[in-house]
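Trainee: Take me through one part of this structure in close detail, please. I would like to follow the aromatic side chains and see what surrounds them.

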Amino acid sequence: MHPKWHGILLLSTAVAIFAGVDALTKFLRADYAALQMLFIAMGFSLIPVTLQGLWTQGRELFPLRRRGLMALQVILGAGSQLLVYWSLKTLPLALFSVIVFTAPLFLILFSWLLLGEKIGPRRAAAVALGFLGVVLATLPELQGVGTADLNLAALAALAAAVTYALVLITSNRMEDEGTGTQGFYNTLGHVALLWPVLFLEWQPVAGGDWGWFAALGILSGTGWVMTVHAYRIAAASLLASYEYLYLVWAGIFGYLFFGELLGLAFWLAALLIVGSGLYLARREHIETAALHRAGELRSKAGKKKDGDAGTGA
(Lines give C-alpha, C1' and ligand atoms only; values in the text may rest on other atoms or scores of the structure.)
Protein backbone atom coordinates (compact mmCIF):
# COMPACT_ATOMS: atom_id res chain seq x y z
CA MET A 1 0.00 0.00 0.00
CA HIS A 2 1.23 3.50 -0.83
CA PRO A 3 2.46 5.33 2.31
CA LYS A 4 -0.09 8.10 1.73
CA TRP A 5 -3.06 5.72 1.85
CA HIS A 6 -1.47 3.69 4.63
CA GLY A 7 -1.17 6.85 6.73
CA ILE A 8 -4.76 7.88 6.03
CA LEU A 9 -6.02 4.41 6.97
CA LEU A 10 -4.01 4.38 10.19
CA LEU A 11 -5.12 7.83 11.29
CA SER A 12 -8.77 7.27 10.36
CA THR A 13 -8.76 4.08 12.43
CA ALA A 14 -7.02 5.83 15.33
CA VAL A 15 -9.58 8.64 15.28
CA ALA A 16 -12.43 6.11 15.50
CA ILE A 17 -10.60 4.41 18.39
CA PHE A 18 -10.23 7.71 20.26
CA ALA A 19 -13.95 8.45 19.86
CA GLY A 20 -14.73 4.97 21.19
CA VAL A 21 -12.33 5.53 24.10
CA ASP A 22 -14.11 8.75 25.02
CA ALA A 23 -17.49 7.02 24.82
CA LEU A 24 -16.18 4.27 27.12
CA THR A 25 -14.77 6.91 29.46
CA LYS A 26 -18.19 8.58 29.64
CA PHE A 27 -19.78 5.21 30.39
CA LEU A 28 -17.35 4.36 33.21
CA ARG A 29 -17.46 7.86 34.72
CA ALA A 30 -20.97 7.10 35.99
CA ASP A 31 -19.41 4.81 38.62
CA TYR A 32 -15.75 5.81 39.04
CA ALA A 33 -13.77 8.95 39.89
CA ALA A 34 -11.60 10.65 37.28
CA LEU A 35 -8.33 10.18 39.24
CA GLN A 36 -8.86 6.47 39.63
CA MET A 37 -9.88 5.99 36.00
CA LEU A 38 -6.90 7.88 34.63
CA PHE A 39 -4.45 5.97 36.82
CA ILE A 40 -5.76 2.56 35.74
CA ALA A 41 -6.08 3.55 32.07
CA MET A 42 -2.52 4.88 31.94
CA GLY A 43 -1.23 1.72 33.56
CA PHE A 44 -2.74 -0.37 30.77
CA SER A 45 -1.63 2.17 28.12
CA LEU A 46 1.98 1.52 29.08
CA ILE A 47 1.77 -1.87 27.36
CA PRO A 48 1.32 -0.71 23.71
CA VAL A 49 3.29 2.51 24.24
CA THR A 50 6.33 0.66 25.60
CA LEU A 51 6.17 -2.00 22.89
CA GLN A 52 6.02 0.69 20.18
CA GLY A 53 8.96 2.53 21.70
CA LEU A 54 11.11 -0.59 21.93
CA TRP A 55 10.21 -1.54 18.36
CA THR A 56 11.20 1.85 16.91
CA GLN A 57 14.03 2.93 19.23
CA GLY A 58 15.29 -0.17 21.05
CA ARG A 59 17.49 0.72 24.02
CA GLU A 60 17.48 4.37 22.93
CA LEU A 61 13.93 4.52 24.32
CA PHE A 62 15.14 4.96 27.90
CA PRO A 63 17.76 7.78 27.94
CA LEU A 64 16.01 11.07 28.75
CA ARG A 65 17.85 14.37 28.34
CA ARG A 66 15.20 17.04 28.93
CA ARG A 67 13.91 15.94 32.32
CA GLY A 68 12.54 19.33 33.32
CA LEU A 69 10.46 19.75 30.17
CA MET A 70 9.25 16.17 30.46
CA ALA A 71 8.11 16.78 34.05
CA LEU A 72 6.22 19.87 32.89
CA GLN A 73 4.67 17.90 30.02
CA VAL A 74 3.50 15.18 32.41
CA ILE A 75 1.90 17.69 34.78
CA LEU A 76 0.15 19.52 31.94
CA GLY A 77 -0.89 16.25 30.31
CA ALA A 78 -2.31 14.82 33.52
CA GLY A 79 -4.23 18.04 34.12
CA SER A 80 -5.63 17.95 30.60
CA GLN A 81 -6.67 14.30 30.90
CA LEU A 82 -8.33 14.83 34.27
CA LEU A 83 -10.31 17.74 32.85
CA VAL A 84 -11.34 15.53 29.93
CA TYR A 85 -12.51 12.75 32.25
CA TRP A 86 -14.33 15.18 34.49
CA SER A 87 -16.15 17.01 31.68
CA LEU A 88 -17.19 13.82 29.87
CA LYS A 89 -19.38 12.84 32.80
CA THR A 90 -21.71 15.76 32.07
CA LEU A 91 -21.22 16.92 28.49
CA PRO A 92 -22.82 15.27 25.47
CA LEU A 93 -20.06 13.43 23.62
CA ALA A 94 -20.42 15.41 20.38
CA LEU A 95 -20.44 18.76 22.19
CA PHE A 96 -17.33 17.72 24.11
CA SER A 97 -15.61 16.86 20.82
CA VAL A 98 -16.29 20.30 19.34
CA ILE A 99 -14.87 22.09 22.36
CA VAL A 100 -11.66 20.04 22.66
CA PHE A 101 -10.99 20.49 18.95
CA THR A 102 -10.11 24.09 19.73
CA ALA A 103 -6.69 22.80 20.86
CA PRO A 104 -5.12 23.50 17.41
CA LEU A 105 -6.43 27.06 17.64
CA PHE A 106 -4.87 27.53 21.07
CA LEU A 107 -1.67 26.03 19.68
CA ILE A 108 -1.50 28.80 17.07
CA LEU A 109 -2.18 31.41 19.75
CA PHE A 110 0.48 30.06 22.12
CA SER A 111 2.99 29.72 19.29
CA TRP A 112 2.62 33.46 18.85
CA LEU A 113 2.63 34.37 22.55
CA LEU A 114 5.27 31.93 23.81
CA LEU A 115 7.44 31.11 20.81
CA GLY A 116 7.28 34.41 18.95
CA GLU A 117 5.95 32.87 15.73
CA LYS A 118 4.24 35.28 13.34
CA ILE A 119 0.49 35.09 12.74
CA GLY A 120 -0.85 36.83 9.65
CA PRO A 121 -4.29 38.44 9.44
CA ARG A 122 -5.81 35.44 7.66
CA ARG A 123 -4.61 33.04 10.34
CA ALA A 124 -5.85 35.38 13.06
CA ALA A 125 -9.27 35.50 11.38
CA ALA A 126 -9.39 31.69 11.18
CA VAL A 127 -8.56 31.40 14.88
CA ALA A 128 -11.25 33.96 15.73
CA LEU A 129 -13.85 32.02 13.70
CA GLY A 130 -12.91 28.83 15.52
CA PHE A 131 -13.45 30.45 18.90
CA LEU A 132 -16.75 31.86 17.68
CA GLY A 133 -17.75 28.28 16.99
CA VAL A 134 -17.09 27.36 20.61
CA VAL A 135 -19.26 30.25 21.80
CA LEU A 136 -22.11 29.08 19.58
CA ALA A 137 -21.74 25.51 20.80
CA THR A 138 -21.78 26.35 24.48
CA LEU A 139 -24.35 29.13 24.73
CA PRO A 140 -27.27 27.58 26.67
CA GLU A 141 -29.81 29.75 24.83
CA LEU A 142 -28.81 28.20 21.49
CA GLN A 143 -28.47 24.64 22.77
CA GLY A 144 -31.67 24.64 24.75
CA VAL A 145 -30.13 22.20 27.28
CA GLY A 146 -28.00 24.57 29.33
CA THR A 147 -27.54 23.99 33.06
CA ALA A 148 -24.95 25.19 35.54
CA ASP A 149 -23.30 21.76 35.51
CA LEU A 150 -23.24 21.70 31.71
CA ASN A 151 -21.65 25.13 31.51
CA LEU A 152 -19.02 24.20 34.10
CA ALA A 153 -18.24 21.00 32.22
CA ALA A 154 -17.92 23.00 28.98
CA LEU A 155 -15.39 25.29 30.67
CA ALA A 156 -13.49 22.20 31.89
CA ALA A 157 -13.36 20.82 28.33
CA LEU A 158 -12.10 24.18 27.10
CA ALA A 159 -9.43 24.19 29.81
CA ALA A 160 -8.47 20.67 28.68
CA ALA A 161 -7.94 22.02 25.16
CA VAL A 162 -5.78 24.86 26.52
CA THR A 163 -3.56 22.55 28.58
CA TYR A 164 -3.26 20.06 25.71
CA ALA A 165 -2.07 22.87 23.43
CA LEU A 166 0.59 23.64 26.04
CA VAL A 167 1.57 19.95 26.01
CA LEU A 168 2.10 20.26 22.26
CA ILE A 169 4.24 23.35 22.81
CA THR A 170 6.49 21.45 25.25
CA SER A 171 6.65 18.54 22.81
CA ASN A 172 7.82 20.96 20.11
CA ARG A 173 10.67 22.04 22.40
CA MET A 174 11.73 18.41 22.86
CA GLU A 175 12.39 17.55 19.23
CA ASP A 176 15.71 15.96 20.13
CA GLU A 177 13.87 13.33 22.21
CA GLY A 178 12.44 10.37 20.30
CA THR A 179 8.67 10.15 19.91
CA GLY A 180 8.71 6.79 21.69
CA THR A 181 10.73 8.26 24.55
CA GLN A 182 8.23 11.07 25.00
CA GLY A 183 5.29 8.68 24.90
CA PHE A 184 6.89 6.23 27.32
CA TYR A 185 7.89 8.77 29.97
CA ASN A 186 4.67 10.73 29.56
CA THR A 187 2.56 7.65 30.25
CA LEU A 188 4.82 6.40 33.03
CA GLY A 189 4.85 9.90 34.51
CA HIS A 190 1.05 9.95 34.68
CA VAL A 191 1.07 6.73 36.69
CA ALA A 192 3.79 7.97 39.04
CA LEU A 193 2.13 11.37 39.51
CA LEU A 194 -1.32 9.97 40.29
CA TRP A 195 -0.17 7.17 42.59
CA PRO A 196 0.15 9.27 45.78
CA VAL A 197 -3.33 10.83 45.48
CA LEU A 198 -5.28 7.67 44.71
CA PHE A 199 -6.37 7.22 48.32
CA LEU A 200 -8.52 10.36 47.94
CA GLU A 201 -10.94 8.80 45.44
CA TRP A 202 -10.21 5.07 45.20
CA GLN A 203 -13.09 2.64 45.28
CA PRO A 204 -13.18 -1.11 44.60
CA VAL A 205 -13.47 -1.99 40.92
CA ALA A 206 -16.20 -4.47 40.04
CA GLY A 207 -14.78 -7.66 38.54
CA GLY A 208 -16.37 -7.16 35.13
CA ASP A 209 -15.20 -3.56 34.91
CA TRP A 210 -11.52 -4.52 34.87
CA GLY A 211 -12.06 -5.67 31.29
CA TRP A 212 -13.49 -2.26 30.39
CA PHE A 213 -10.55 -0.51 32.04
CA ALA A 214 -8.09 -2.72 30.19
CA ALA A 215 -9.84 -1.92 26.91
CA LEU A 216 -9.80 1.79 27.78
CA GLY A 217 -6.06 1.86 28.44
CA ILE A 218 -4.89 -0.49 25.70
CA LEU A 219 -7.06 1.17 23.05
CA SER A 220 -5.81 4.61 24.12
CA GLY A 221 -2.20 3.48 23.79
CA THR A 222 -2.87 1.70 20.51
CA GLY A 223 -4.56 4.79 19.06
CA TRP A 224 -1.54 6.88 20.03
CA VAL A 225 0.85 4.38 18.40
CA MET A 226 -1.20 4.36 15.19
CA THR A 227 -1.31 8.17 15.12
CA VAL A 228 2.46 8.48 15.57
CA HIS A 229 3.10 5.96 12.79
CA ALA A 230 0.60 7.66 10.47
CA TYR A 231 2.37 11.02 10.81
CA ARG A 232 5.71 9.35 10.18
CA ILE A 233 4.75 7.91 6.81
CA ALA A 234 2.38 10.59 5.44
CA ALA A 235 2.45 14.38 5.33
CA ALA A 236 0.83 16.20 8.26
CA SER A 237 -0.92 18.59 5.84
CA LEU A 238 -2.56 15.59 4.16
CA LEU A 239 -3.65 13.96 7.39
CA ALA A 240 -4.94 17.05 9.21
CA SER A 241 -8.41 16.94 7.69
CA TYR A 242 -8.91 13.29 8.70
CA GLU A 243 -8.54 14.24 12.36
CA TYR A 244 -12.01 15.78 12.10
CA LEU A 245 -13.59 12.38 11.48
CA TYR A 246 -13.54 12.26 15.29
CA LEU A 247 -16.48 14.69 15.31
CA VAL A 248 -18.50 12.32 13.12
CA TRP A 249 -17.72 9.28 15.29
CA ALA A 250 -18.45 11.24 18.47
CA GLY A 251 -21.86 12.21 17.09
CA ILE A 252 -22.60 8.60 16.10
CA PHE A 253 -21.47 7.10 19.43
CA GLY A 254 -23.26 9.82 21.39
CA TYR A 255 -26.52 9.00 19.61
CA LEU A 256 -26.17 5.20 19.70
CA PHE A 257 -24.99 4.77 23.31
CA PHE A 258 -26.33 7.84 25.14
CA GLY A 259 -29.31 8.99 23.04
CA GLU A 260 -27.74 12.42 22.48
CA LEU A 261 -29.27 14.74 19.90
CA LEU A 262 -27.83 18.20 19.31
CA GLY A 263 -29.39 21.06 17.40
CA LEU A 264 -28.46 23.41 14.59
CA ALA A 265 -26.19 25.54 16.79
CA PHE A 266 -23.92 22.58 17.43
CA TRP A 267 -23.51 21.78 13.75
CA LEU A 268 -22.88 25.43 12.92
CA ALA A 269 -20.21 25.53 15.62
CA ALA A 270 -18.66 22.32 14.30
CA LEU A 271 -18.58 23.78 10.78
CA LEU A 272 -16.77 26.92 11.97
CA ILE A 273 -14.20 24.99 14.02
CA VAL A 274 -13.52 22.40 11.30
CA GLY A 275 -13.32 25.09 8.63
CA SER A 276 -10.86 27.18 10.61
CA GLY A 277 -8.75 24.14 11.43
CA LEU A 278 -8.60 23.00 7.82
CA TYR A 279 -7.70 26.49 6.66
CA LEU A 280 -4.86 26.71 9.18
CA ALA A 281 -3.56 23.31 8.06
CA ARG A 282 -3.74 24.43 4.42
CA ARG A 283 -1.84 27.64 5.16
CA GLU A 284 0.83 25.62 6.97
CA HIS A 285 1.17 23.36 3.92
CA ILE A 286 1.46 26.32 1.52
CA GLU A 287 4.07 28.08 3.65
CA THR A 288 6.10 24.91 4.14
CA ALA A 289 6.03 24.20 0.39
CA ALA A 290 7.10 27.79 -0.36
CA LEU A 291 10.03 27.53 2.04
CA HIS A 292 11.04 24.21 0.49
CA ARG A 293 10.94 25.66 -3.03
CA ALA A 294 12.92 28.71 -1.92
CA GLY A 295 15.56 26.43 -0.42
CA GLU A 296 15.79 24.42 -3.62
CA LEU A 297 16.18 27.59 -5.71
CA ARG A 298 18.95 28.87 -3.42
CA SER A 299 20.68 25.50 -3.65
CA LYS A 300 20.48 25.46 -7.45
CA ALA A 301 21.69 29.06 -7.62
CA GLY A 302 24.63 28.22 -5.39
CA LYS A 303 25.58 25.22 -7.53
CA LYS A 304 25.31 27.29 -10.73
CA LYS A 305 27.50 29.99 -9.21
CA ASP A 306 30.10 27.41 -8.21
CA GLY A 307 29.99 25.92 -11.69
CA ASP A 308 30.43 29.31 -13.34
CA ALA A 309 33.35 30.09 -11.07
CA GLY A 310 34.95 26.77 -11.92
CA THR A 311 34.50 27.38 -15.64
CA GLY A 312 35.95 30.88 -15.38
CA ALA A 313 38.97 29.52 -13.59
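Mentor: Start with Tyr-32 and Phe-213: both are buried (under 20% relative accessible area; over 50% is exposed, partly exposed lies in between; 1.4 Å probe, protein chains only). The model is predicted, so local features need pLDDT of at least 70 and side-chain atom pairs pLDDT 80 or more, while totals for chains, interfaces and linings use all residues. Residues are numbered from 1 along each chain as its sequence is written, and side-chain values use heavy atoms, with hydrogens and water left out.

First, the setting. The chain has 13 helices and zero strands (DSSP runs numbered from the N terminus: H or I of at least four residues for helices, E of at least two for strands). Of its 313 residues, 45% are buried. Take contacts between residues at least 6 apart in sequence: 91% of them join residues at least 24 apart (a contact is heavy atoms within 4.5 Å).

Now the rings. The whole structure holds nine aromatic pairs (Phe, Tyr and Trp rings, the six-membered one for Trp, with centres within 6.5 Å; planes under 30 degrees apart are stacked, over 60 edge-to-face, the rest tilted). One of them is Tyr-32 with Phe-213, edge-to-face, 5.2 Å centre to centre and 70° between the planes. This pair bridges distant parts of the chain: Tyr-32 sits in the loop between H1 and helix H2 (34-57), Phe-213 in helix H10 (residues 209-233), 181 residues apart. Another pair, Trp-249 with Phe-253, is tilted, at 5.5 Å centre to centre and 35° between the planes. Trp-249 and Phe-253 share helix H12, four residues apart, about one turn of the helix. Their exposure differs in class: Trp-249 is partly exposed at 32% relative accessible area, whereas Phe-253 is buried at 14%. Back at the first pair, Tyr-32 and Phe-213 join Trp-210 in one aromatic cluster.

Trp-249 and Phe-253 also lead to a helix packing. The axes of helix H1 (residues 3-28) and helix H12 (residues 245-258) come within 9 Å and cross at roughly 35° (axes are lines fitted to C-alpha atoms over the stretch in contact; angles run from 0 to 180 degrees between N-to-C directions). The crossing of H1 with H12 is right-handed (the near helix is turned clockwise from the far one by less than a right angle; anticlockwise would be left-handed). On the H12 side, the contact includes Tyr-246, Trp-249 and Phe-253; on the H1 side, Val-15, Phe-18, Ala-19 and Asp-22 are among the residues. The contact residues divide into 13 nonpolar, two polar and two charged (Ala, Val, Leu, Ile, Met, Phe, Trp, Tyr, Cys and Pro count as nonpolar; Asp, Glu, Lys and Arg as charged; the others, Gly among them, as polar).

Next, the core. The largest nonpolar core has 57 residues, and those with the most contacts inside it are Met-37, Tyr-85, Leu-91, Phe-96, Phe-213, Leu-216 and Tyr-246 (a core is a set of buried Ala, Val, Leu, Ile, Met, Phe, Trp, Tyr and Cys residues joined through side-chain atoms within 4.5 Å). H1 gives this core the most, 11 residues. A second, separate core of six residues includes Phe-106, Phe-110, Ala-161 and Ile-169.

Look at Tyr-246 itself. Leaving out residues up to four places away in sequence, Tyr-246 touches Val-15, Phe-18, Ala-19, Asp-22, Phe-96, Ser-97 and Phe-101. Phe-96 and Ser-97 are among the buried residues of H4. Helix H4 (residues 93-100) is largely enclosed by the rest of the structure, because eight of its eight residues are buried. Leu-95, also buried in H4, has its C-alpha 9.5 Å from that of Trp-267, 172 residues apart along the chain. Trp-267 belongs to helix H13 (residues 264-312) and is partly exposed, at 48% relative accessible area.

Finish at Tyr-85. One of its neighbours is Ala-34, which touches Arg-29, Leu-82, Tyr-85 and Trp-86, residues up to four places away in sequence not counted. Ala-34 lies in helix H2 and is buried at 10% relative accessibility. Further along H2 sits Thr-50, buried at 18%. Thr-50 touches Leu-61 and Phe-184, again not counting residues up to four places away in sequence. Thr-50 and Phe-184 are 134 residues apart in sequence, yet 5.9 Å apart from C-alpha to C-alpha.
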